[in-house]
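Notebook open, model loaded. I want to go through the charged pairs, then the surface, then the overall build.

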Amino acid sequence: MVASIPDSEVKATVLRLNDNQAKAIREATDRREREVAQAAEARDAAAADAASSLQNSLTKLLVKQRVDAQRSDMFKSWFDRETIASAVGPIVMISLAGSLIVAMCRARHRRAR
């Protein structure tokens with residue numbers, strides 16, 4: 001189409017305009033491709049951060065669960081021992097006997113009045 005233009009100045013102007021337009025389109029396309037690449041990088045970075053945060057939270061929960069399980073096992077083993085039952089039993093019996101003696105003394109003291 002440009003070849004059919006008889007005036008060389010007009011032809012040169014049309015070719016220059018076509019070149020400028022093509023250059024502007026290439027620059028816009030390159031700019032858009034860079035923006036898309038930057039957006040993809042930002043999205044990938046956000047996804048990596050979210051995955052890292054989730055992994056950290058999961059690790060913290062697993063550690064807390066292990067610590068709680070160990071603490072529970074420690075208390076369970078402590079209460080399962082017969083030595084604890086042997087120590088607690090006499091203390092309970094002595095306190096019951098003491099409270100019974102105190103109650104009997106008070107009752108006798110009240111009758112004496």
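Started with R32 and E35: both sit in helix α1, which covers residues 8–80, and they are 3 residues apart, about one turn of the helix. This is a predicted model, so I am reading computed geometry throughout. I checked whether the two side chains pair, and R32 does form a salt bridge with E35, with the closest N and O atoms 3.5 Å apart. Then I looked up the cover on the acidic partner: E35 has 40% relative accessibility and counts as partly exposed.

Next entry, further along. I found R43 and D44 joined by a salt bridge too, at 3.8 Å from N to O. The cutoff for a salt bridge is 4 Å, so this pair makes it in. Buried or exposed, I asked of R43? R43 is exposed, its relative accessible area being 55%. D44 comes out at 45% and is therefore partly exposed, since exposed needs over 50%.

Third stop: R71 and D68. I read 3.6 Å from N to O for their salt bridge. Again the partners are 3 residues apart in helix α1, about one turn of the helix. I looked up both accessibilities: R71 is at 43% and D68 is at 33%, and each counts as partly exposed.

Does anything else join in here? Which residues share a network of salt bridges? I get K64, D68 and R71 linked in one. For the tally, I have 4 salt bridges in the structure.

A general reminder to myself: opposite charges on side chains can pair when the charged atoms come close.

Then I turned to the charges of the chain as a whole. I count 19 positive and 14 negative charges, and their mean positions lie 25 Å apart.

Moved on to nonpolar surface. I found a patch of about 380 Å², made by V88, V92, M93 and L96. I picked M93 for a closer look and placed it in helix α2, residues 82–112. M93 is exposed, with 56% relative accessible area.

Last entries, on the whole chain. How many helices and strands are there? I have 2 helices and 0 strands. What share of the 113 residues is buried? The answer is 0%. Buried means under 20% relative accessible area, so no share of the chain registers below that mark.

I also noted the accessible surface, about 10400 Å², with 61% of it belonging to carbon and sulfur atoms.

For dimensions, I took the C-alpha trace along its principal axes and got a span of about 140 × 40 × 15 Å. The radius of gyration is 45 Å, whereas a compact globule of 113 residues would have one near 13 Å. I put that beside the burial figure of 0% and the count of 2 helices and 0 strands, and closed the page there.

Key. Residues numbered from 1 in each chain as written. Predicted model: local features only at pLDDT ≥ 70, side-chain atom pairs only at ≥ 80, totals over all residues. Heavy atoms only, no water. Helix = DSSP H or I, 4+ residues; strand = E, 2+ residues; numbered from the N terminus. Buried < 20%, exposed > 50% of the residue type's maximum accessible area, 1.4 Å probe, protein only. Patch = residues over 30% accessible without salt bridge, like charges linked within 9 Å, V, L, I, M, F, W, Y side chains within 5 Å. Areas by Shrake-Rupley, 256 points an atom, 1.4 Å probe, with all protein chains shown as cover. Rg over C-alpha atoms; globule rule 2.2 N^0.38 Å. Lys, Arg positive; Asp, Glu negative; His and termini not counted. Charge placed at Lys NZ, Arg CZ, Asp CG, Glu CD.
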